[in-house]
Amino acid sequence: MGYKAFLEENLVKLSMPIILDESSTYADLQQEVIDRDKVKHILENRKFTEEHFNTETFEEANAIRMISIYNAIGVEETVIKTKGILPIADYPQKAKAELAEVFRNHDLLCPAISAEDLVRLLTNGDPACKYMVPPCATNRDLGFVLHLLIQAGAIKSNRWSSIVCKYGMLLTTTGLKMQSKNLNAARSYFIDYKQAFLSEKQRSIEQEIMKVLSGVPNAIKFWKK
């Protein structure tokens with residue numbers, strides 16, 4: 001579908017009456033009006049629309065990223081920048097805590113990792129204690145999270161796996177030191193991934209990570225995917 005037809009079709013949908021359930025409040029109605037107006041402005045920006053809707057699939061993670069980029073337009077950032085990319089160590093504390101929560105929600109490491117130890121593991125490989133990939137998780141699940149963070153510039157893309165595995169603080173499900181090559185392989189599986197091939201767990205991880213990154217303008221702005 002061309003841009004003009006896509007725009008006209010969606011403008012018709014946006015002009016339809018708002019229908020809310022009986023439990024909705026006036027504030028819900030106001031938010032729906034605001035959201036529709038925001039989507040209208042997004043659609044009327046042809047370059048922006050073609051860039052973000054020209055994909056094989058469009059899911060919640062795509063929408064979160066698109067809206068976050070739109071919200072960041074014209075915003076003067078006060079965060080510290082490293083060539084425009086913000087490393088995880090300089091993320092707001094709220095974002096660090098939320099990333100650690102994703103690890104805990106999906107049992108990606110055992111014991112449950114704190115925000116401070118997560119940053120230490122990903123930046124110098126030396127957290128306060130050893131962390132193991134539990135049997136309920138897989139190297140690929142962990143590799144997927146790391147891939148998303150690399151794409152956002154949160155983790156250095158060069159030698160990242162060597163840094164994480166440097167001190168042997170990351171262990172496999174068998175309790176052995178995670179090898180850099182194994183972690184690289186787990187991450188490489190998702191390079192140029194398609195959402196259709198993600199497991200249900202990985203889809204959930206993607207959505208949660210994107211929600212966290214939506215609060216870090218640098219991460220969304222310089223997203224590589």
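**Aromatic pairs, helix H6 and a cavity**

At 23% relative accessibility, Phe6 counts as partly exposed, because the partly exposed class runs from 20% to 50%. The model is predicted. The points below cover the aromatic pairs, helix H6 and the largest cavity.

**Aromatic pairs**

- The structure has 5 aromatic pairs.
- One of them joins Phe6 and Phe53: the ring centres are 5.2 Å apart and the planes meet at 55°, so this pair is tilted. A tilted pair has planes that are neither under 30 degrees apart nor over 60.
- The Phe6 and Phe53 pair links distant parts of the chain, 47 residues apart. Phe6 sits in helix H1 (residues 3-14), and Phe53 belongs to helix H3 (residues 46-53).
- Phe53 has a relative accessible area of 26% and is therefore partly exposed.
- Phe190 and Tyr193 make an edge-to-face pair, with 6.5 Å from centre to centre and 80° between the planes.
- Phe190 has a relative accessible area of 1%, so Phe190 is buried. Tyr193, at 8%, is buried as well; the cut-off for buried is under 20%.
- Phe190 and Tyr193 belong to one aromatic cluster with Phe144 and Tyr189.
- Arg140 lies over the face of Tyr189, a member of that cluster. The distance from Arg140 to the ring centre of Tyr189 is 3.6 Å.

**Helix H6**

- Helix H6 spans residues 115-124. The buried residues of H6 are Ala115, Asp117, Leu118, Val119, Leu121 and Leu122.
- Two helices that help cover these buried residues are H5 (93-105) and H7 (139-151). The cover also includes helix H8 (160-165), along with strand S1 (131-132) and strand S2 (170-171).
- Gly125, just after H6, takes a positive phi of about 70°.

**Cavity**

- The structure holds 1 cavity of 30 Å³ or more. The space in the largest cavity is about 30 Å³.
- The lining of the largest cavity consists of Phe103, Leu109, Leu121, Leu122, Leu142, Leu146, Val164, Leu170 and Leu183.
- By class, this lining has 9 nonpolar residues, with no polar and no charged residues.
- Helices H6 and H7 each supply at least two of the lining residues.
- Leu121 and Leu122 connect two of these topics: both are among the buried residues of H6, and both line the largest cavity.

Technical notes: Residues are numbered from 1 along each chain as its sequence is written. This is a predicted model: local features need pLDDT of at least 70, side-chain atom pairs count only at pLDDT 80 or more; totals for chains, interfaces and linings use all residues. Side-chain values use heavy atoms; hydrogens and water are left out. Buried means under 20% relative accessible area, exposed over 50%, partly exposed in between (1.4 Å probe, protein chains only). Helices (H or I, at least four residues) and strands (E, at least two) are DSSP runs, numbered from the N terminus. Contact means heavy atoms within 4.5 Å. On a 1 Å grid over the protein atoms alone, a cavity is a set of points where a 1.4 Å probe fits but cannot get out, and a pocket is an open set with protein on both sides within 12 Å along at least five of seven lines; lining residues have an atom within 4 Å of a point. Grid points are joined across faces, edges and corners, and a volume is the space filled by probe spheres set on the points. Ala, Val, Leu, Ile, Met, Phe, Trp, Tyr, Cys and Pro count as nonpolar, Asp, Glu, Lys and Arg as charged, and the others, Gly among them, as polar. Rings of Phe, Tyr and Trp (its six-membered ring) pair if their centres lie within 6.5 Å; planes under 30 degrees apart count as stacked, over 60 as edge-to-face and the rest as tilted. A charge sits over a ring if NZ of Lys or CZ of Arg is within 6 Å of the ring centre and within 35 degrees of the ring normal.
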